[in-house]
Amino acid sequence: EYSRVALSDYRGWEWTARAWLRIAGSESHAIRALNEALKYRPRLPALLVFRGTAYLQESMRFRRLLHQEKAAKSRALAIDDFKHAREIDPMDAAAHRGLGEACHEAREGGLAIAHFTQALSIEPKASATWIGRARSRLREGDVEGALSDADQAFLLGSPDPKLYVVR
């Protein structure tokens, strides 16, 4: 009986976090909700990836607001969550993709490409990962590689507008 209550509680916190993350500037509320969810399922990689994504979204907002120190701190917390998820499940493509996004945000293109490539080796039909690697390749000056990745995302039917920017 207790396990049903705990399962329902972690999902409630997860859903609450999803709702908060849809409201601009509410990443901290989502992170608090995910902290509660992780009390019930501390080794669930999906929750760690989700919290890492919330931290990364917060980091991007801070960067836009020119709060570089806060942005770097949030990005570091995101990287910690993605790494922890990867340690729990090395085959979690979302953790590798999250690390790629965090490295791209930190302007570490070569490292981002490596993480995106690892994610693609696990989940080759993930168009968001193809787009992420294309963006990183473009930033690194590999125009042909970026175009090739963007074409692959296009073939997979990605509706992401970033795809068209890269192409």
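Is tyrosine 10 buried or exposed? In this predicted model, tyrosine 10 has a relative accessible area of 8%, and because buried means under 20%, tyrosine 10 counts as buried. The residue belongs to helix H1, which covers residues 2-21. If its neighbours within four places in sequence are left aside, tyrosine 10 is in contact with Ala37, Tyr40, Arg41, Leu44 and Leu47. Arginine 139, by contrast, is 129 residues away from tyrosine 10 in sequence, and the C-alpha atoms of these two residues are 39 Å apart in space.

With that residue as a starting point, we can turn to the protein as a whole. The protein contains 9 helices and 0 strands, and the order of its elements from the N terminus on is therefore written α-α-α-α-α-α-α-α-α. Its radius of gyration is 16 Å, which is close to the 15 Å given by the globule rule for 167 residues, so the protein is as compact as a globular protein of that length. Along the principal axes, the C-alpha trace spans about 55 × 35 × 25 Å. Of the 167 residues, 43% are buried, while the accessible surface comes to about 9200 Å², with 55% of it belonging to carbon and sulfur atoms. Among the contacts between residues at least 6 apart in sequence, 49% join residues that are at least 24 apart.

A second buried residue shows how two helices can be followed at close range. Alanine 30 is found in helix H2, and with a relative accessible area of 0% alanine 30 is buried. Leaving aside the neighbours within four places in sequence, alanine 30 is in contact with Ala17, Trp20 and Leu21. The C-alpha atoms of alanine 30 and alanine 19 are separated by 7.7 Å, although these two residues are 11 residues apart along the chain.

The next topic is charge. The protein has 26 positive and 22 negative side chains, and the centres of these two sets lie 3 Å apart. Side chains of opposite charge can pair when their charged atoms come close. A search of the whole structure finds 9 salt bridges, and several of them are worth following one by one.

Which residue forms a salt bridge with arginine 61? The partner is glutamate 27, and the closest N and O atoms of the pair are 2.8 Å apart. Arginine 61 lies in helix H3 (residues 45-64) and glutamate 27 in helix H2 (residues 27-40), so this salt bridge ties together parts of the chain that are 34 residues apart in sequence. Both arginine 61 and glutamate 27 are buried.

Another salt bridge stays inside a single helix: the side chains of glutamate 36 and lysine 39 meet at 2.9 Å, N to O, and both residues lie in helix H2, 3 residues apart, which is about one turn of the helix. Glutamate 36 has a relative accessible area of 25% and is partly exposed, whereas lysine 39, at 60% relative accessibility, counts as exposed.

A further salt bridge is formed by the side chains of glutamate 105 and arginine 63, at 2.3 Å from N to O. This pair links distant parts of the chain, since glutamate 105 is in helix H5 (residues 93-105) and arginine 63 is in helix H3, 42 residues apart. Glutamate 105, at 12% relative accessibility, counts as buried, while arginine 63, with a relative accessible area of 30%, is partly exposed. Salt bridges can also share partners, and in this way Arg133, Arg137, Asp142 and Asp149 are joined into one network.

Finally, the backbone deserves a look in two of the loops. Most residues other than glycine have a negative phi, and most peptide bonds are trans. Leucine 66, although it is not a glycine, has a positive phi of about 65°. Where is leucine 66 placed? Leucine 66 lies in the loop between H3 and helix H4 (68-88), and at 68% relative accessibility leucine 66 counts as exposed. Arginine 107 likewise has a positive phi, near 65°, in a residue other than glycine. Arginine 107 is placed in the loop between H5 and helix H6 (109-122), and its relative accessibility of 56% makes arginine 107 count as exposed.

Terms used
Residues are numbered from 1 along each chain as its sequence is written. This is a predicted model: local features need pLDDT of at least 70, side-chain atom pairs count only at pLDDT 80 or more; totals for chains, interfaces and linings use all residues. Side-chain values use heavy atoms; hydrogens and water are left out. A salt bridge is a side-chain nitrogen of Lys or Arg within 4 Å of a carboxyl oxygen of Asp or Glu. Helices (H or I, at least four residues) and strands (E, at least two) are DSSP runs, numbered from the N terminus. Buried means under 20% relative accessible area, exposed over 50%, partly exposed in between (1.4 Å probe, protein chains only). The radius of gyration is taken over C-alpha atoms; the globule rule is 2.2 Å times the number of residues to the power 0.38. Contact means heavy atoms within 4.5 Å. Accessible areas come from the Shrake-Rupley method with a 1.4 Å probe; for residues, only the protein chains shown count as cover. Lys and Arg count as positive and Asp and Glu as negative; His and the chain ends are not counted. The place of a charge is taken as NZ of Lys, CZ of Arg, CG of Asp or CD of Glu.
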